[in-house]
Amino acid sequence: MIDSDARNELLAKTGRSYPRVGLLIDGEWIYDRPACFQVINPSDESELGPVPEAAPEDYDRVLASAERGFDVWRKAPPLERAAVLQRTAALVRERVEEIATTITLEQGKPLYEARGEVLRAATFLDWDSAQLQRAYGRIVPSPAPLRQLVLREPIGPVAAFTPWNVPISAPSRKLSGSLAAGCSVILKPAEETPAAACLFAQCFMDAGLPKGVLNIIFGPPTEVSRRLILSPVIKMVTLTGSIGVGKALTRLAAEGMKPVLMELGGNAAVLIDSDVTPAKVAELATEAKFRLAGQYCTAPSRFLVHRSVYRDFVDEFAARARAHRVGDGFAEGVQMGPLVNAKRLAAMQSMVEDAIKRGAKVDAGGERIGNSGYFFAPTVLSDVPIDADAMLLEQFGPIAACTPIDDMDQGLEIANSLNLGLSNFVFTNSGVEADRLSSALRSGSVAINLFSSPAAEAPFGGYRESGIGREGGEESLDSYMVSKTVLQQMVRI
Ligand code: NAD
């Protein structure tokens, strides 16, 4: 099942190899630092290459560079900033194969999914290159005889932290929003997937982004976050990552009263009504649940299914899960790659064991595949009690936890019972239920009769502990800008 020949063939044919990972400081790549991390290919556990660790003086240099970069970039005319983002988007599309190959090597997702992620990353740049041209201020009428102007200004140098599951699209959302607003950025990509982020950064450099506007740093995460966030140079902090790390970074930011944009974890519920065709929903659920091996923040996780269609749904879902093709992301026909590391494998095993202990049944999968690479079988569990780990914790893996419900009110109550809310899904043929549930569900997005989340043109973010602030949509630049009011009395003085 685990076939790495396709990968070796592709690399030999294209002459590609795993790119070098560097620090990007003031427009220069720096490689000669001791390693703080070895990147592992999760399909076969081989070492891909080292991640250099920033030395103490690198932090001084990177912060000074971001400060200079901000001074240049905030003064750049909007059309110039838009042109750089547009050229970057074009280069990302041109380099799709190179970047996608790197993502599949270090992250494991099938090559077609990696290509999709790269192309999606370019759409955020397209969107923000247009949004920045509409970052209007306003004139506010005053009761007094004076003129009041509201100006919108970039907030300053930003510290950005991104995860391994979407190594290009998470940085893209952050870089396109902040750079469009006129900020400079110091990015700390996930150490599991650093090379894709470096290739992405090179697109900005080749598109003419002035040096110092985008910098990349690596090191022990707690060290990087402390040194950047506590520095007076940094004026805003953004993370896409777990809730625990989000809270830690928000606490650090609070020391300097710095605003944060936090895109954090979710645990999406899927409410399935009695009037649907269960096989149809199961088909869509299979594709959505096992995409990226379930390792994405909006992955459907808690399947709350009306009792009248429950068994048909679970049986079809399980049959499809068993037929889902798992393997090296380079192999032809593979639909699901490995988990990113051994920790995720152990987490999946523990969730399955906990569910069984509490009375759940394993309808498909439930265990590791093979003993090389971090592959876990697409798993469908039924009759999972709502206090099982697989219901309460973010799964971040290929487990679908199903449980029957008596009506949609019960489903709604379970869906809203956790202190988080990124995405939820509803399947129903009733317009009234669709309306009612989309307003009653406490999450940043609700999708009705499809599994999808907001793209560049609509805001994306979480309720409750799933986050603060929004990326994309009309709101895209908001977190990276501040409003300044100028009051001007029109008199000679
Ligand atoms: P993570 O929180 O462990 O890491 C995210 C980033 O923070 C990485 O760059 C990591 O090196 C860094 N980091 C880790 N510990 C840190 C610390 N103590 N101090 C400073 N930085 C630290 O998350 P992950 O495992 O890389 O990604 C998975 C999580 O990300 C999941 O919870 C998932 O839901 C979430 N996620 C959310 C979204 C969203 O848009 N809401 C999108 C993708 C992933």
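**View 1. A buried salt bridge between E191 and K188.** E191 and K188 are both buried. Their side chains meet in a salt bridge, with an N to O distance of 2.8 Å. The structure shown here and in the views below is a predicted model. In the whole structure, a search finds 28 salt bridges, and several of the other views show further examples of such pairs. Side chains of opposite charge can pair when their charged atoms come close.

**View 2. The salt bridge of D383 and K361.** The closest N and O atoms of D383 and K361 are 2.6 Å apart, and the two residues form a salt bridge. D383 lies in the loop between β15 (379-382) and α13 (389-392), while K361 belongs to strand β14 (residues 361-364), so the pair ties together parts that are 22 residues apart in sequence. D383 has a relative accessibility of 26% and counts as partly exposed. K361 also counts as partly exposed, at 42% relative accessibility.

**View 3. A salt bridge within helix α15.** R436 and E433 form a salt bridge in which the closest N and O atoms are 2.7 Å apart. Both residues lie in helix α15 (residues 431-440), where they are 3 residues apart, or about one turn of the helix. R436 is partly exposed, with a relative accessible area of 31%. E433, in contrast, counts as buried because its relative accessibility is 15%, and the limit for buried is under 20%.

**View 4. A network of salt bridges around D32, R33, D58 and R61.** D32, R33, D58 and R61 are joined into one network by salt bridges that share partners.

**View 5. The two domains.** The domain assignment of the protein gives domain 1 as 4-264 + 468-482 and domain 2 as 268-456. The centres of domain 1 and domain 2, taken over C-alpha atoms, are separated by 30 Å. Contacts between the domains involve 33 residues of domain 1 and 31 residues of domain 2. The size of an interface is often given as the accessible area lost when the parts come together. Domain 1 and domain 2 bury about 2,300 Å² between them, and 59% of this area is on carbon and sulfur atoms.

**View 6. Pairs across the domain interface, and the side given by domain 1.** The count between domain 1 and domain 2 is 1 salt bridge. E45 and R368 form a salt bridge, with 3.5 Å between the closest N and O atoms. Across the interface of domain 1 and domain 2, 8 residue pairs are in polar contact, with both residues at pLDDT 80 or more. On the side of domain 1 that touches domain 2, the elements giving two or more residues are α1 (5-14), α4 (96-107) and α5 (111-131). Of these, α5 gives the most, with 7 residues. The residues on this side of domain 1 divide into 14 nonpolar, 10 polar and 9 charged.

**View 7. Surroundings of Q295.** Q295 lies in the loop between α10 (278-290) and β13 (300-306). Q295 is buried, with a relative accessible area of 0%. A polar atom of the Q295 side chain lies 3.0 Å from the backbone nitrogen of V340. Leaving out residues up to four places away in sequence, Q295 touches Q107, W164, N165, P338, L339, V340, R344, F396 and G397.

Methods: Residues are numbered from 1 along each chain as its sequence is written. This is a predicted model: local features need pLDDT of at least 70, side-chain atom pairs count only at pLDDT 80 or more; totals for chains, interfaces and linings use all residues. Side-chain values use heavy atoms; hydrogens and water are left out. Domain bounds come from an automatic or database domain assignment. Contact means heavy atoms within 4.5 Å. Buried area is the accessible area (1.4 Å probe) that two parts lose on being put together, summed over both. A salt bridge is a side-chain nitrogen of Lys or Arg within 4 Å of a carboxyl oxygen of Asp or Glu. A polar contact is a pair of N or O atoms within 3.5 Å; within protein, one must be able to donate a hydrogen and the other to accept it, and residues adjacent in sequence count only if both atoms are side-chain atoms. Helices (H or I, at least four residues) and strands (E, at least two) are DSSP runs, numbered from the N terminus. Ala, Val, Leu, Ile, Met, Phe, Trp, Tyr, Cys and Pro count as nonpolar, Asp, Glu, Lys and Arg as charged, and the others, Gly among them, as polar. Buried means under 20% relative accessible area, exposed over 50%, partly exposed in between (1.4 Å probe, protein chains only).
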